[in-house]
Amino acid sequence: MSSTSPMGIQVNQAAPAPGGSGGGASGGGSNGGCTSCLTIPAVPDSMWLLTIGGLLGLVTSLGFLTIKARATLEHTKRRLNRMTRND
């Protein structure tokens, strides 16, 4: 058994995108809001790039320092081994 009845639907106009970019069919919430804006703090793109660049630089520097320290340690071990064999 089925039945039909009229139902009214109200459609509200979407809010304009921040920055005035007017991208009509872009993703986001049903009211034109930014979903990730609520979870990720509002930080400018340049700050994200500086942060990521700084972290990559730090990790790379630590890697090179570790490699240099291991090479120095191996060199010192070889030198000590030569000294103890000669005695």
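How many helices and how many strands are in the chain? The chain has two helices and zero strands; both kinds of element are DSSP runs numbered from the N terminus, a helix being H or I over at least four residues and a strand E over at least two.

This is a predicted model, in which local features need pLDDT of at least 70 and side-chain atom pairs count only at pLDDT 80 or more, while totals for chains, interfaces and linings use all residues. Residues are numbered from 1 along each chain as its sequence is written, and side-chain values use heavy atoms, without hydrogens and water.

**View 1. The whole chain.** Of the 87 residues, 0% are buried (buried means under 20% relative accessible area, exposed over 50%, partly exposed in between, with a 1.4 Å probe and protein chains only).

**View 2. A nonpolar patch on the surface.** L55, L58, L62 and L65 form this patch. Patch residues have over 30% relative accessible area and no salt bridge (Lys or Arg side-chain nitrogen within 4 Å of an Asp or Glu carboxyl oxygen); nonpolar side chains are joined within 5 Å and like charges within 9 Å. L62 lies in helix α2 and is partly exposed because its relative accessibility is 48%.

**View 3. A positive patch on the surface.** R78, R79, R82 and R85 make up this patch. R78 belongs to helix α2, residues 45–86. R78 counts as partly exposed because its relative accessible area is 48%.

**View 4. Q10 and N12.** Q10 sits in the segment before α1 (35–39). Q10 is exposed because its relative accessibility is 70%. The side chains of Q10 and N12 make a polar contact at 3.2 Å (N or O atoms within 3.5 Å, one able to donate a hydrogen and the other to accept it).

Key
Areas by Shrake-Rupley, 256 points an atom, 1.4 Å probe, with all protein chains shown as cover. Lys, Arg positive; Asp, Glu negative; His and termini not counted. Charge placed at Lys NZ, Arg CZ, Asp CG, Glu CD.
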